[in-house]
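This report looks at charged pairs, cysteines, a sheet and the nonpolar interior of one chain. Please keep the sequence and the model at hand while reading.

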Amino acid sequence: MSLRERELQVLTELKQSQIAQVVTKGINPNVPMKECQTLLTDVYPAHWDYVRNKACFSLTGEKVGDRASDYTLLSLTTRGVIERDVESGKGKFPKDFDSYQIVKPNNLVFCLFDIDETPRTVGLVKKEGMLTGAYTAFSVNENIALPEYLYYYFLSVDEIKALKPYYSGLRKTVRADKFLQIYIPLPPLEEQNQIVAYIESKCQSIDSMISNLEAEIAYLKEYKQSLIADAVTGAINVQ
């Protein structure tokens with residue numbers, strides 16, 4: 001691993017730890033805590049609620065059918081739920097999109113199978129579009145939970161693959177009905193807002209540094225390959 005790649009890893013880990021810290025303990029380190037086993041910790045602030053996922057989430061599942069031309073194709077990636085470049089021809093595409101599902105802003109999307117092998121299993125939808133029906137999409141009950149807060153919470157869950165106790169089958173799948181029965185600690189809405197604002201403020205500078213490092217690493221790798229190609233083809237004199 002190069003020095004730049006190591007720096008990138010350290011920054012990524014710092015961002016992950018910042019998020020995990022506040023979605024499990026809040027911003028104020030001096031509040032009373034209560035003991036209870038959760039996906040991420042065995043304690044959480046005593047004034048937080050402890051609710052099942054089904055209080056926060058509702059399955060969506062509206063199919064695209066013959067309306068594929070009306071929707072943008074989206075993809076769940078390590079960079080979030082992003083628009084997929086259909087015209088590039090990269091990657092696999094189905095012969096039709098009838099079985100794809102419609103997702104809307106503030107929906108949360110989960111890949112609840114092959115979890116250990118999947119780089120990112122949760123994403124927050126920012127624009128309306130369609131996603132493969134293999135994913136599980138939820139709308140959020142915004143009377144008790146912010147979609148952004150739940151996204152950051154389950155991002156931390158994903159980092160340590162904390163859903164492992166709920167896997168079933170060879171593909172390490174978490175069934176949607178089982179997922180909805182899981183309990184999570186949930187701050188009051190006002191505190192969720194504060195936590196989301198804190199995370200986004202803290203992560204803004206880290207994301208900027210990560211982006212710059214990624215661009216530098218990509219350039220150095222491309223430059224290295226160019227040098228190798230030039231040496232092999234005799235474009236430069238290596239004597």
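Asp158 and Lys161 are both buried, where buried means under 20% relative accessible area, exposed means over 50%, and partly exposed lies in between (1.4 Å probe, protein chains only). The two residues form a salt bridge whose closest N and O atoms are 2.8 Å apart; a salt bridge is here a side-chain nitrogen of Lys or Arg within 4 Å of a carboxyl oxygen of Asp or Glu.

The model is a predicted one, in which local features need pLDDT of at least 70 and side-chain atom pairs count only at pLDDT 80 or more, while totals for chains, interfaces and linings use all residues. Residues are numbered from 1 along each chain as its sequence is written, and side-chain values use heavy atoms, with hydrogens and water left out.

A search of the whole structure gives 9 salt bridges, including the three in this table.

| Salt bridge | Closest N to O distance |
|---|---|
| Arg120 and Glu159 | 3.0 Å |
| Asp158 and Lys161 | 2.8 Å |
| Asp177 and Arg175 | 3.2 Å |

In the last of these rows, Asp177 is partly exposed at 45% relative accessibility, and Arg175 is likewise partly exposed, with a relative accessible area of 42%. Salt bridges with shared partners join Arg120, Asp158, Glu159 and Lys161 into one network.

Which parts of the chain does the pair formed by Arg120 and Glu159 link? Arg120 forms its salt bridge with Glu159 at 3.0 Å, and this pair links distant parts of the chain, since Arg120 sits in the loop between β8 (108-110) and β9 (122-124), whereas Glu159 belongs to helix α3 (residues 147-159), 39 residues apart. Helices (H or I, at least four residues) and strands (E, at least two) are DSSP runs, numbered from the N terminus. Arg120 counts as buried at 14% relative accessibility, while Glu159 is partly exposed, with a relative accessible area of 31%.

Turning to the cysteines, the count comes to 0 disulfides, a disulfide being a pair of cysteine sulfur atoms within 2.5 Å. Cys56 is buried, with a relative accessible area of 1%, and Cys111 is buried at 3%.

The strands β4-β11-β8-β9, in that order, make up an open sheet of 4 strands with antiparallel pairing, two strands being paired if DSSP finds at least two bridges between them. Because β4 (57-59) and β9 stand at the edges with a single partner strand each, one side of each is left without a neighbour in the sheet. β4 is joined to the antiparallel strand β11 (residues 136-140) by 3 bridges, and Ser58 has Ser139 in β11 as its bridge partner. Helix α3 lies across β4, β8, β9 and β11 and runs at about 160° to β9; such angles run from 0 to 180 degrees between N-to-C directions, with axes fitted as lines to C-alpha atoms, for helices over the stretch in contact.

The largest nonpolar core has 41 residues, of which Phe57, Tyr149, Leu150, Phe154 and Phe179 touch the most other members. A nonpolar core is a set of buried Ala, Val, Leu, Ile, Met, Phe, Trp, Tyr and Cys residues joined through side-chain atoms within 4.5 Å. The largest share of this core, 8 residues, comes from α3. Not counting residues up to four places away in sequence, Phe57 touches several residues, among them Leu108, Phe138, Leu150, Phe154 and Phe179, contact meaning heavy atoms within 4.5 Å.
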